[in-house]
Amino acid sequence: MSEFIPKGYDHITTESEDGENSEYILNRESGHHFIITNRSFQTVDHRFSNFPSKTLDYMLKEDGYDDIAVLDIGGGIEARASGDIAEQYKNYDDLAIYSLDLTANPNTRGGRHQIVGDALEMPIKSNSIDIALSTMSVSEVVSGDPELLKKALLETARVLKPGGVFFLDKVYSKQLEQLPDPDQFAHFEEEMEVVFYTKEFGFFYGLYETLIQKLNNTYPDWKFLIMVKKPVNEDLIKELALQGKNKIV
Ligand SMILES: C[S@@+](CC[C@H](N)C(=O)[O-])C[C@H]1O[C@@H](n2cnc3c(N)ncnc32)[C@H](O)[C@@H]1O
């Protein structure tokens with residue numbers, strides 16, 4: 001395992017009372033620690049009400065989208081979600097799927113898509129990504145610091161192509177609990193040349209319902225953010241049923 005852990009971090013395993021193991025990496029300098037988990041695309045897809053695949057389907061069938069690139073930011077040590085997306089869309093030639101994470105185990109199925117790097121300073125060209133997604137990671141990346149959230153959003157806006165879309169799950173750190181704050185987001189929008197939308201978590205069923213219920217009790221305002229780099233394709237926004245009512249600003 002240690003060969004997959006970035007410099008400056010320690011790998012920690014803890015055991016809960018019921019014998020369940022959790023793995024973390026710990027930043028020796030800052031003391032921040034990040035849980036290392038991996039969810040599959042199925043899970044990601046449900047949590048985002050199928051938005052990433054809806055967007056991908058749209059881009060694959062509409063004119064004007066070439067060499068489509070998808071990026072899972074903080075995609076986990078085994079890059080399971082991006083591996084699943086790659087598997088599901090393997091018949092499309094001009095489609096590249098990547099996962100970026102501080103930790104990467106290239107011996108896993110997701111290995112062929114993995115980029116080792118920091119979400120705050122991605123080793124990725126500007127204007128190169130059509131769809132970015134991030135689940136349960138940006139909250140870890142920013143560690144409750146609004147300035148770091150801004151940095152993470154700026155960095156994502158940089159790598160997105162014009163018209164590119166970023167799906168971000170709830171930033172659940174305490175200090176950011178009040179988001180979205182329209183004033184702050186109006187400022188971000190201007191600076192980054194993006195438009196923000198928000199959406200309540202909606203579509204869950206089966207086992208997820210229990211989980212979500214639990215999360216909802218802790219985080220009653222659970223929402224996720226969608227950031228679109230201008231110019232916004234209004235047809236895509238309609239396809240995702242976002243429209244004006246979901247605009248933050
Ligand atoms: C809770 S896991 C989520 C993994 C996956 N997205 C999922 O939904 O299962 C958080 C991930 O964020 C990664 N991470 C934390 N800080 C990061 C940073 N600055 N840059 C890139 N990845 C980071 C951690 O290595 C970890 O894999």
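Q: What makes Glu193 count as exposed?
A: Glu193 has 12 other C-beta atoms within 10 Å. A residue is called exposed if 12 or fewer other C-beta atoms lie within 10 Å of its own, buried if there are 20 or more, and partly exposed in between, with C-beta atoms placed from the backbone. The value of 12 meets that cut-off, so Glu193 is exposed. Keep in mind that this is a predicted model, where local features need pLDDT of at least 70, side-chain atom pairs count only at pLDDT 80 or more, and totals for chains, interfaces and linings use all residues. Residues are numbered from 1 along each chain as its sequence is written.

Q: Where is Glu193, and what is its phi?
A: Glu193 sits in the loop between α6 (182–192) and β9 (194–200). Its phi is near 55 degrees, a positive value in a residue other than glycine. Helices (H or I, at least four residues) and strands (E, at least two) are DSSP runs, numbered from the N terminus.

Q: Why is Ala241 called exposed?
A: Ala241 has 12 other C-beta atoms within 10 Å, so it meets the cut-off for exposed. Ala241 lies in the segment after α8, and its phi is near 55 degrees, again a positive value in a residue other than glycine.

Q: Which peptide bond is cis, and where does its proline lie?
A: The bond from Lys230 to Pro231 is cis, with omega near 5 degrees. Pro231 belongs to the loop between β10 (223–229) and α8 (234–239).

Q: Why is helix α3 described as largely enclosed by the rest of the structure?
A: Helix α3 covers residues 80–88, and seven of its nine residues are buried, so the description fits. The buried ones are Arg80, Ala81, Ser82, Gly83, Asp84, Ile85 and Ala86.

Q: How do you know that the buried residues of α2 are on the same side?
A: In helix α2 (residues 51–61), the buried residues are Phe51, Pro52, Thr55, Leu56 and Met59. They cover an arc of only 130 degrees around the axis, which puts them on the same side of α2. The arc is that of the directions from the helix axis to the C-beta atoms.

Q: Why is strand β1 said to lie largely in the open?
A: Of the seven residues of β1 (residues 9–15), the number buried is zero, so the strand lies largely in the open.

Q: What makes β1 and β2 a pair?
A: Two strands pair if DSSP finds at least two bridges between them. Seven bridges join β1 to β2 (residues 21–27), so the two strands pair, and they run antiparallel. Thr13 stands opposite Glu23 in β2. The two strands form a hairpin with five residues between them, and Gly19 in the turn has a positive phi of about 85 degrees.

Q: How do you know that β2 and β3 pair too?
A: They share three bridges in the antiparallel sense, so the requirement of at least two is met. Ile25 has Phe34 in β3 as its bridge partner.

Q: What makes β1 and β3 the edge strands?
A: Three strands form an open antiparallel sheet in the order β1-β2-β3. Both β1 and β3 (33–35) are edge strands: each pairs on one side only.

Q: How many helices and strands does the protein chain have, and what share of its residues is buried?
A: There are eight helices and ten strands. Of the 249 residues, 36% count as buried.
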